[in-house]
Amino acid sequence: MKPQDLDMNRRALLKTVAAAGAVGMASGLPSAVWAAGSDKPELEEVKIGFIPLTDCASIVMASVLGFDKKYGIKIIPSKEASWAGVRDKLVNGDLHMAHVLYGLIYGVQLGIGGPKKDMAVLMTLNNNGQAITLSKKLADAGAVDGPSLAKVMAKDKREYTFAQTFPTGTHAMWLYYWLASAGINPLQDAKAITVPPPQMVANMRVGNMDGFCVGEPWNHRAIMDGIGITANTTQDIWKDHPEKVLGSTDEFVKKYPNTARAVIMAVLEASRWIDAGLQNKMKMAETIAAKSYVNTGVDAINQRILGRYQNGLGKTWDDPNHMKFFNDGAVNFPYLSDGMWFLTQHKRWGLLKDHPDYLGVAKQVNKVDLYKQAASALGVNVPKDPLRSAKLIDGVVWDGKDPKKYADGFKIKA
């Protein structure tokens, strides 16, 4: 056989393999070939940081149940003390990825939440499931929701302190949005402090704050400990809101695309497993309650993940919009409009001085194509439109179409 025939055969084979890969992806079957002709992850071990919160569950369960092994990786969950610590370790490479606040990733991307570095959102980990807790003392004075809090604050003038978990993060934005929807300016009428999630309850116990916004199980824990009440859940503020994401640096994704895809697939499988039924949720609660993860009683976790809520004042309800990890794939898609929303709020509260290129930044950060590859290989539904719309607690609709107008349209802002 002549050398040119060999070359032609090789090219024909490569074409066939590439076509087979494309067919595999299009039909939702695991593809035989990915980047560089092989889907083998470049790294065998992936260190993923997490904060002790219920919504770290999909990362923990991907590791505990061995979904990671299926995709040729070993996830090493690494318990972290604060969101600032997670940010620093992601930026300097001590962590490969993290269970992380959506707004933290965007803050780093634009250099407003610490060092500036190109970042990546690989997938959304959960919707819903955070809450705003007010102290028992405030509740006794009549403050049990936004409007009654505004009345108490107007009558009893003093410095009111509210805690969030990170300046550009989700909890800060939910807290500010909620206060503003009740006519309270979070920057002028109150003092905002930053407290790591696991320290919220202890800080409220000693009177360091009047209220806080945090993820579960710490809101329910405050009720169990008799020191706080739930004023509103974050799903009251925005039904099916984006919350934590699987985040990394852009550099990591470019260097290890197969590894990034493998992690998305393992975590997607774990997300689907958690949401598959009651038994799985209970097993998840038992697993993550352990000292090495959230370090709390199972009973602090297992009620609210099933949507069984109480406010600490005798009111109980079943919430269909409780924390979701999968919801038939609706949770996990990294919508561009979700990322853009956090930027509009960063602008609203003066964290950004000028309007950024909202859509441009979101397209750079959210790895939609990589997510779609992973989702289609698992047969997970992917929405047609990377923008979605929602009506928030103040009646204002967010659809991602005119972010500048939206950001500037609020009465209460910086």
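Trainee: Leaving aside its neighbours within four places in sequence, which residues is Thr316 in contact with?

Mentor: This is a predicted model, and in it Thr316 belongs to strand β12, which covers residues 316–318. Contact requires heavy atoms within 4.5 Å. Once the neighbours within four places in sequence are set aside, the residues in contact with Thr316 are Tyr309 and Gln310.

Trainee: Is Thr316 buried or exposed?

Mentor: A residue counts as exposed when its relative accessible area is over 50%. The relative accessible area of Thr316 is 60%, and therefore Thr316 is exposed.

Trainee: What distance separates the C-alpha atoms of Thr316 and Ala84?

Mentor: Along the chain, Thr316 and Ala84 are 232 residues apart. In space, the separation between the C-alpha atoms of Thr316 and Ala84 is 35 Å.

Trainee: How many of the residues of helix α5 are buried?

Mentor: Helix α5 runs over residues 102–109 and is mostly covered. Among its buried residues are Tyr102, Leu104, Tyr106 and Gln109, and just after the helix Gly111 takes a positive phi of about 70 degrees. The number of buried residues in α5 is 8 of 8.

Trainee: Why do Cys56 and Cys213 not form a bond, and how many disulfides does a search of the whole structure find?

Mentor: For a disulfide, the two cysteine sulfur atoms must lie within 2.5 Å. The cysteine sulfur closest to that of Cys56 is in Cys213, but the two are 17 Å apart, which is too far for a bond. Cys56 is buried, at 0% relative accessibility, and Cys213 is likewise buried at 0%. A search of the whole structure gives a disulfide count of 0.

Trainee: What is the radius of gyration of the protein, and why is the protein called as compact as a globular protein of that length?

Mentor: The protein contains 19 helices and 14 strands. For 414 residues the globule rule gives 22 Å, and the radius of gyration of the protein is close to that, so the protein is as compact as a globular protein of that length. The radius of gyration asked for is 22 Å.

Trainee: What share of the contacts with a separation of 6 or more is accounted for by residues 24 or more positions apart?

Mentor: Buried residues make up 57% of the 414 residues in the protein. Among contacts with a separation of 6 or more, the share that comes from residues 24 or more positions apart is 78%.

Trainee: How far apart do the centres of the positive and negative side chains lie?

Mentor: The protein has 50 positive side chains and 41 negative ones, and each set has its own centre. The distance between these two centres is 1 Å.

Terms used
Residues are numbered from 1 along each chain as its sequence is written. This is a predicted model: local features need pLDDT of at least 70, side-chain atom pairs count only at pLDDT 80 or more; totals for chains, interfaces and linings use all residues. Side-chain values use heavy atoms; hydrogens and water are left out. Helices (H or I, at least four residues) and strands (E, at least two) are DSSP runs, numbered from the N terminus. The radius of gyration is taken over C-alpha atoms; the globule rule is 2.2 Å times the number of residues to the power 0.38. Buried means under 20% relative accessible area, exposed over 50%, partly exposed in between (1.4 Å probe, protein chains only). Lys and Arg count as positive and Asp and Glu as negative; His and the chain ends are not counted. The place of a charge is taken as NZ of Lys, CZ of Arg, CG of Asp or CD of Glu.
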